[in-house]
Amino acid sequence: MGLRQRITILILLAVAGAALVTASLYLGLPASGRVARIVFLEIRLPRLLVGAAAGAGLGVAGLLVQRAMRNPLAVPDLLGVSGGAAFVAALLVTSGIHSLTARTAGALAGAVAGGALCLLAAARGRSAAQTLLIGAAVSTAWQAAVLTVMSTADQVELSIIFKYLVGSLTEITADVALPLIVPLVIGCAATVAVLPALGVLSLGDEQASALGMNPGRWRLLALGVAALLVALVVAACGPIAWVAFVAPTVTRWFVPGAGEVFRLAVTAIIGAGVSVGADIAARELFKPFETPLGAWTALIGFCVAMVFVARRPDR
């Protein structure tokens with residue numbers, strides 16, 4: 001990909017990003033000066049920053065998983081991270097602990113534990129396909145555990161758990177934003193160190209081994225980084241569906257053959273745009289009601305999946 005093409009893509013992304021930022025911050029903002037200032041600083045700005053960081057983190061995590069698995073349909077949902085976070089969050093709610101801080105900390109611990117459990121199990125897999133199968137089995141077990149906990153919840157607790165499970169930015173404040181954004185940005189930047197190994201892994205395990213690489217070890221490292229990124233997101237926002245599939249898939253369409261670093265940057269930007277755009281739709285389209293963020297990212301994911309199938313009819 002030439003320099004002119006890269007500059008053109010970056011300009012288009014910048015224009016689209018500016019439009020999304022403006023809409024997220026100012027669309028439907030109260031007219032009153034004092035109220036508008038409070039809404040802008042205490043609600044809109046933290047929500048925008050967290051939404052963008054979460055989308056970028058999920059997009060990068062999706063890219064890592066797809067490259068490590070050599071499968072364009074692989075997603076971080078198979079790492080057990082979202083399931084572990086959802087289980088602990090549901091357990092806390094049904095135990096009477098409704099504090100956002102406690103739920104976020106507990107969900108983060110559950111996400112890390114869920115990802116670690118899945119990666120330990122996946123370490124026994126000798127190929128990408130076996131790793132995916134093990135991840136799917138662990139994720140299914142977490143879903144069963146979440147459903148079991150939900151069966152003991154009352155109506156109020158069920159509504160809280162449901163709101164968490166579909167993904168939401170409604171409870172995001174400035175206190176939550178900074179502790180989430182900083183590690184997500186650092187994590188996304190740190191993935192640059194893994195990119196050369198992913199390029200070798202894309203050749204296949206036999207070729208990677210012939211070049212002196214341990215494919216299983218590097219695959220688990222890439223999956224571990226992806227799991228940590230997803231853990232940070234789901235702890236505060238809940239599982240935000242499909243962003244991790246949409247961002248790297250759309251990136252492949254628009255920047256085929258691009259270098260690893262440029263592809264990573266575009267994936268992060270697209271992931272952020274998908275998350276922020278879906279949040280605007282969730283907040284504004286059915287006022288005064290706010291629809292689930294995850295419903296809109298799932299709708300976007302469905303559209304991208306249909307295009308994906310149409311572009312690859314033979315696979």
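The protein chain contains 13 helices and zero strands, where helices (H or I, at least four residues) and strands (E, at least two) are DSSP runs numbered from the N terminus. Along the sequence the pattern is α-α-α-α-α-α-α-α-α-α-α-α-α. The radius of gyration, taken over C-alpha atoms, is 20 Å, close to the 20 Å given by the globule rule for 315 residues, so the chain is as compact as a globular protein of that length. The globule rule is 2.2 Å times the number of residues to the power 0.38.

The model is predicted: local features need pLDDT of at least 70, side-chain atom pairs count only at pLDDT 80 or more, and totals for chains, interfaces and linings use all residues. Residues are numbered from 1 along each chain as its sequence is written, and side-chain values use heavy atoms, with hydrogens and water left out.

**Overall dimensions and packing**

Along the principal axes, the C-alpha atoms fill a box of roughly 65 × 50 × 35 Å. Of the 315 residues, 48% count as buried; buried means under 20% relative accessible area, exposed over 50%, and partly exposed in between (1.4 Å probe, protein chains only). Among contacts (heavy atoms within 4.5 Å) with a separation of 6 or more, 77% come from residues 24 or more positions apart.

**Surface**

The chain exposes about 14,900 Å², of which carbon and sulfur atoms supply 70%. Accessible areas come from the Shrake-Rupley method with a 1.4 Å probe; for residues, only the protein chains shown count as cover. Leu3, Ile7, Ile11 and Val15 make a nonpolar surface patch of about 410 Å². Patches consist of residues with over 30% relative accessible area and no salt bridge; like charges are joined within 9 Å, and nonpolar side chains (Val, Leu, Ile, Met, Phe, Trp, Tyr) within 5 Å. A salt bridge is a side-chain nitrogen of Lys or Arg within 4 Å of a carboxyl oxygen of Asp or Glu. Leu3 lies in helix H1 (residues 3-26) and is exposed, with a relative accessible area of 64%.

**Backbone exceptions**

Most residues other than glycine have a negative phi, and most peptide bonds are trans. Two non-glycine residues with positive phi are tabulated below.

| Residue | Phi | Loop between | Relative accessible area |
|---|---|---|---|
| Arg70 | about 55° | helix H2 (33-69) and helix H3 (81-94) | 38%, partly exposed |
| Trp242 | about 75° | helix H10 (215-237) and helix H11 (243-254) | 38%, partly exposed |

The peptide bond from Lys287 to Pro288 is cis, with omega near 5°. Pro288 belongs to the loop between helix H12 (260-284) and helix H13 (293-311).
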